[in-house]
Amino acid sequence: MDLNQFFHQLQLNLGVHGSTLPGSMAKLAATALAVVVVIGLKRIMLAVAARLLKNHQRLTVLAGWMGLFAYLIIGIAVIRIWFEGLHNFLTFLGIIAVGLTIVSKELILNFVAFWVIIWRELFSIGDRVQVGDVVGDVTRKGILYFSVVEVGNWVKADQSTGRMARIPNALVLTTPVLNYSKGFRFIWNELTLTVAPGGDWKRARDVMTRTAENYASNFEQPEPPDPVGDDEFVIFRRLTPKVYLKLTDAGYELTLRYLCKPRSRRDSENELLERILDALEGASIPLAFK
């Protein structure tokens, strides 16, 4: 069997237009041209959008949707160029799907998980999330992977390490997704001090409570969001700061529980600690250190 006969038989089996090698080469050229044109138009539109949009987060989201739209157009173009009718295409697609499932099920799971992320709105660009052991700020959502700027690890108190992590989409199907930013948009943080035995722990508790209340007054008081449809319903009995007392061998352990923004945990703790220490020093209340 010569090369022309091979292509002719392959085209008959797949329902591809044309029955000669030159016809197949023409279709390959048309496919390549379609890919180049679509990708070129996408880049031009992104360049125009980059000049018009100054918000980096919106630009990133737009780039993601434009990429999906470009893939869709390329897929339609390939179908129009190579296949006769929907039946032959579905047959070919079924063969490809079975092959991909056998060879690389991870790719299929990543692709399916991408639509789960979109459909369930697990996170958006800019959200701080934890998936598995990785915590970070989402910078990109792709068909196979999503990217985050890593937070934590050797850096304490939820601050960025500067590293970029790419996480397979399939991980969201088997691992809890913790979103710091979705819904309530505030997190609880705790700050603990121990008053030495004989110290005025009641006054220290009042100082910590008052300092936290003054800090909270600097930003708009959060309210639990009303659930819409099947959205998660957040229930908190109180949103104001509170100090909890516990007796230890070292003295009176006071734990301040307060609300702060996800990206301000370390800054808020540092600011509150400075204010509280100044107030306790002025009131001559001794602290114990383990």
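Angles between helix directions under 35 degrees count as roughly parallel, over 145 as roughly antiparallel, 65 to 115 as roughly perpendicular, and the rest as oblique. In this predicted model, helix H7 (residues 201-216) packs against helix H8 (residues 265-282) at an angle of about 140°. H7 and H8 are therefore oblique to each other. The axes of the two helices lie 10 Å apart, and the crossing of H7 past H8 is right-handed.

The contact between the two helices involves residues from both sides. H7 contributes Ala204, Val207, Met208, Thr211, Ala212, Asn214 and Tyr215. These residues meet Ser268, Glu271, Leu272, Arg275, Ile276, Ala279 and Leu280 in H8. Sorted by class, the contact of H7 with H8 has 9 nonpolar, 3 polar and 2 charged residues.

Both helices also pack on a sheet. This open sheet is formed by 3 strands in the order E6-E8-E7, and the pairing is antiparallel. Strand E6 (187-195) and strand E7 (242-248) stand at its edges with a single partner strand each, so one side of each has no neighbour in the sheet. From one strand to the next, the twist averages 25°.

Strand E8 (residues 251-260) is joined to E6 by 9 bridges, and these two strands run antiparallel. Within this pair, Ile187 stands opposite Cys260 in E8. H7 touches E6, E7 and E8 where it packs on the sheet, and the direction of H7 makes about 10° with that of E8. H8, which packs on the sheet as well, touches E6 and E8. The direction of H8 makes about 30° with that of E6.

The pairing of E7 with E8 is likewise described by its bridges. E7 and E8 pair in the antiparallel sense over 7 bridges, and Lys242 stands opposite Arg257 in E8. The two strands form a hairpin, with 2 residues between them. In general, strands of a sheet pair through backbone hydrogen bonds, either parallel or antiparallel.

Another open sheet has 5 strands in the order E4-E3-E2-E1-E5, with antiparallel pairing. Its edge strands are strand E4 (160-168) and strand E5 (177-179), each of which pairs on one side only. On average, neighbouring strands of this sheet are turned by 40° against each other, direction ignored. Strand E1 (residues 128-131) pairs with strand E2 (residues 134-141) in the antiparallel sense, over 4 bridges. The bridge partner of Val131 is Val134 in E2.

The confidence of the prediction was also examined. The mean pLDDT of the protein is 78, and 73% of its residues reach 70 or more. Over residues 17-21, the pLDDT is below 50. Beyond near neighbours in sequence, this stretch has 14 contacts in the model. Where pLDDT is low, the predicted coordinates should not be read in detail.

Terms used: Residues numbered from 1 in each chain as written. Predicted model: local features only at pLDDT ≥ 70, side-chain atom pairs only at ≥ 80, totals over all residues. Heavy atoms only, no water. Axes fitted to C-alpha atoms, helices over the stretch in contact; angles between N-to-C directions. Left-handed = near helix turned anticlockwise from the far one by under 90°. Contact = heavy atoms within 4.5 Å. Nonpolar A, V, L, I, M, F, W, Y, C, P; charged D, E, K, R; others polar. pLDDT = per-residue confidence, 0-100. Pairing = 2+ DSSP bridges.
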